[in-house]
Amino acid sequence: MRALVVRLDSFGDVLLAGPAVRAVAAHASRVTLLCGPRGEPAARLLPGVDEVIVWEAPWEGVRPPTVEDAGVDALVGRLREAVFDTALVLTSFHQSPLPTALLLRMAGVRRIGADSVDHPGTLLDVRHQRLPDRHEAEAALDTAVAMGFAPPPGDDRRLRVLPSPDTVPLTGNGPYVVVHPGASAPARAWGPERCADAVQRLADAGHRVVVTGGPDETDLTRRVGGDVALDLGGRTEPRVLAGVLRNADVLVSGNTGPAHLAAAVGTPVVSLFSPVVPAERWGPYGVPAVVLGDQTALCAGSRARHCPVPGHPCLDGVTPRDVVLAVHKLIEETA
């Protein structure tokens, strides 16, 4: 059986699809993952994926392409040529799978399943409805199970990635705490000054600190790391970052992709969590975690990319001392 799994949005979203992908892989001869460009690096880290198809959908992302620019006909043609027997369409709780399901029907996919609040007409063969407040990783796996894809025996149903390279030459020997100050949405980021203060306080408490960030965040990581941390900004593509996080005592991060990558390699997370999306659905999954931030702030549930409340109170109420105490708590719990 040739199976297609679809998850079209971001890096962290694709990582959260991992348990569902493994469940499909346990029953299929070949699994193809259709994802967007932001999710591609995560797709290539997931066990159970044999092939990755990258397509930028006109209904996903901050600046999606037009329907004309998206190459819909080319995608449908490519999927038709692949002759998929079944497809699992994964979306977040606020997204509809039906545009994707329509394209899959046009491509001749024989059996399609998804989590859908909207009436699907003839677009879905299996219409699953998620349990209230279900974590995104669990909701995805529930939908896979509803299609008949039970997890393989012994699968722990947690996030997982392929083995990472040895990163000791990059980080040096000995324990360390990782601080990742950036976030894909500004509303989910803690202020740089507070991050820098937390790094200093962690160093003062005797921790070796490693600061990570993407190629476009090198100014931020340099500012946050100062003279007391190892600055790896722009130096950790996803597989390398997985190795850096695997060897860390704790990650300090906002609600962004590296928090889910840390969970996938079993590293505890201090989550500076802006409640623009619910923590019970998007928090670090399957690892010890401390969630900091006012989860009842006025921005809660808004899905805002930029903070709609003056002063960013949901996160600015968190102090560097709070972060240090949370790091110590997790280290003691996992010692």
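**Stop 1: the charges**

Colour the charged residues of the protein chain by sign. There are 32 positive and 38 negative charges, and their mean positions are 4 Å apart. Keep in mind that you are looking at a predicted model.

Now look for salt bridges. A search of the whole structure finds 20 of them. We will visit a few later in the tour.

**Stop 2: the whole chain**

Zoom out and show the cartoon. You should find 14 helices and twelve strands. The C-alpha atoms fill a box of roughly 60 × 45 × 35 Å, taken along the principal axes. How does the radius of gyration of the protein chain fit with a compact globule? A compact globule of 335 residues would have a value near 20 Å, and this chain has 20 Å, which agrees.

Switch on the surface. The protein chain exposes about 14,100 Å², and carbon and sulfur atoms supply 51% of that area. Buried residues make up 55% of the 335 residues. Then think about contacts. Take those between residues at least 6 apart in sequence: 63% of them join residues at least 24 apart.

**Stop 3: Arg 22 and Asp 155**

Select Arg 22 and Asp 155. They form a salt bridge, with the closest N and O atoms 2.8 Å apart. The two residues come from distant parts of the chain, 133 residues apart. Arg 22 sits in helix H2 (residues 18-25), while Asp 155 is in the loop between helix H6 (136-146) and helix H7 (168-171).

Are these two residues buried or exposed? Asp 155 has a relative accessible area of 15%, so it is buried. Arg 22 has 6%, so it is buried as well.

Add Asp 156 and Arg 160 to your selection. Together with Arg 22 and Asp 155, they are linked in a network of salt bridges.

**Stop 4: two further salt bridges**

Select Asp 133 and Arg 281. Their closest N and O atoms are 3.7 Å apart, and the pair forms a salt bridge. This pair also links distant parts of the chain, 148 residues apart. Find Asp 133 in the loop between strand E6 (126-128) and H6, and Arg 281 in helix H12 (residues 279-282). Asp 133 is partly exposed, at 45% relative accessible area. Arg 281 is buried, at 15%.

Next, select Glu 193 and Arg 223. In this salt bridge the closest N and O atoms are 2.4 Å apart. Glu 193 lies in helix H8 (residues 192-204) and Arg 223 in helix H9 (residues 218-225), so the pair ties together parts that are 30 residues apart in sequence. Glu 193 counts as exposed, at 51% relative accessibility. Arg 223, at 48%, counts as partly exposed.

**Stop 5: helix H6**

Select H6. Why can this helix be called largely enclosed by the rest of the structure? Eight of its eleven residues are buried, so the surroundings largely enclose it. Among the buried ones are Glu 136, Leu 141, Asp 142 and Thr 143. Then step past the end of the helix to Gly 148. Its phi is positive, near 100 degrees.

**Stop 6: helix H4**

Move to helix H4 (residues 72-82). Which residues of H4 are buried? They are Val 72, Leu 75, Val 76, Gly 77, Leu 79 and Ala 82. Show what they touch. They pack against strand E1 (2-7), strand E2 (30-35), strand E3 (51-54) and helix H5 (98-106). Just after H4 comes Val 83, with a positive phi of about 55 degrees.

**Stop 7: Leu 261**

Select Leu 261 in helix H11 (residues 257-264). Its relative accessibility is 0%, so Leu 261 counts as buried. Leave aside the neighbours within four places in sequence. Leu 261 then has contacts including Phe 11, Leu 15, Leu 45, Val 161 and Pro 238. Draw a C-alpha to C-alpha line from Leu 261 to Leu 45. It spans 9.9 Å, although the two are 216 residues apart in sequence.

**Stop 8: Val 318**

Finish at Val 318, in the loop between helix H13 (313-316) and helix H14 (320-334). At 6% relative accessibility, Val 318 is another buried residue. What is Val 318 in contact with, leaving aside its neighbours within four places in sequence? The partners are Trp 190, Arg 194, Leu 272, Leu 292, Gly 293 and Val 323. Check Arg 194 in particular. Its C-alpha is 8.7 Å from that of Val 318, and 124 residues separate the two in sequence.

Notes. Residues numbered from 1 in each chain as written. Predicted model: local features only at pLDDT ≥ 70, side-chain atom pairs only at ≥ 80, totals over all residues. Heavy atoms only, no water. Helix = DSSP H or I, 4+ residues; strand = E, 2+ residues; numbered from the N terminus. Rg over C-alpha atoms; globule rule 2.2 N^0.38 Å. Buried < 20%, exposed > 50% of the residue type's maximum accessible area, 1.4 Å probe, protein only. Contact = heavy atoms within 4.5 Å. Areas by Shrake-Rupley, 256 points an atom, 1.4 Å probe, with all protein chains shown as cover. Lys, Arg positive; Asp, Glu negative; His and termini not counted. Charge placed at Lys NZ, Arg CZ, Asp CG, Glu CD. Salt bridge = Lys/Arg side-chain N within 4 Å of Asp/Glu carboxyl O.
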